[in-house]
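Hi everyone, thanks for making time for this. I'd like to walk you through one model, so please have a look at it with me.

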Amino acid sequence: IVSLEQRQRYKDDFNAEYEEYRNLHTQIDNITKTFRRFSEQWKSLTPGSKVHQVKKDKTVKPVLHHSTIL
């Protein structure tokens, strides 16, 4: 940055995009938390059990939904 005008342009660009960045960051953070929760729940299930299958079925829908958001 070599001038005050250039600095102001960079600052304006940053401020114009910052809200979108924060929104995307929040979405990604929420998705990450969801996957961590799923991971912890999976550890307590017996593979092949009815509870395991129900959890698997309930997990696929949110995962597919989140993949279409991004």
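I'll go from the overall picture to the surface patches, and then to the charged pair.

First, a reminder that this is a predicted model. The protein chain has two helices and zero strands. How much of the chain is buried? Of the 70 residues, 13% are buried. The accessible surface of the chain comes to about 6200 Å², and carbon and sulfur atoms account for 56% of that.

Now let's turn to helix α1, which covers residues 4–43. Which residues gather in a patch of negative charge on the surface? They are Asp-12, Asp-13, Glu-17 and Glu-20. Take Asp-12 as our example: this residue sits in helix α1, and its relative accessible area is 41%. Since a patch residue needs over 30% relative accessible area, Asp-12 clears that cut-off with its 41%. In terms of exposure, we call Asp-12 partly exposed.

Next come the aromatics. Phe-14, Tyr-18 and Tyr-21 make a nonpolar surface patch of about 330 Å². Those residues also turn up in another list, as Phe-14, Tyr-18 and Tyr-21 form one aromatic cluster. Across the structure there are three aromatic pairs. Where does Tyr-21 lie? Tyr-21 is part of helix α1. Is Tyr-21 buried, or is it partly exposed? With a relative accessibility of 46%, Tyr-21 is partly exposed, and that value is also over the 30% that patch membership asks for.

That brings me to the charged pair. As background, side chains of opposite charge can pair when their charged atoms come close. How many salt bridges does a search of the whole structure find? The search gives one. The partners are Asp-29 and Lys-33, and their closest N and O atoms are 3.3 Å apart. That distance fits the criterion, because a salt bridge calls for a side-chain nitrogen within 4 Å of a carboxyl oxygen.

Why are these two residues separated by about one helical turn? Because Asp-29 and Lys-33 are four residues apart in helix α1. Both ends of the bridge are partly exposed: Asp-29 has a relative accessible area of 32%, and Lys-33 comes in at 45%.

So, to recap helix α1: Asp-12 is found there, Tyr-21 lies there too, and so does the Asp-29 and Lys-33 pair. Thanks for listening, and I'm happy to go back over any of it.

Conventions. Residues numbered from 1 in each chain as written. Predicted model: local features only at pLDDT ≥ 70, side-chain atom pairs only at ≥ 80, totals over all residues. Heavy atoms only, no water. Patch = residues over 30% accessible without salt bridge, like charges linked within 9 Å, V, L, I, M, F, W, Y side chains within 5 Å. Areas by Shrake-Rupley, 256 points an atom, 1.4 Å probe, with all protein chains shown as cover. Lys, Arg positive; Asp, Glu negative; His and termini not counted. Charge placed at Lys NZ, Arg CZ, Asp CG, Glu CD. Buried < 20%, exposed > 50% of the residue type's maximum accessible area, 1.4 Å probe, protein only. Phe/Tyr/Trp six-rings, centres within 6.5 Å; stacked < 30°, edge-to-face > 60°.
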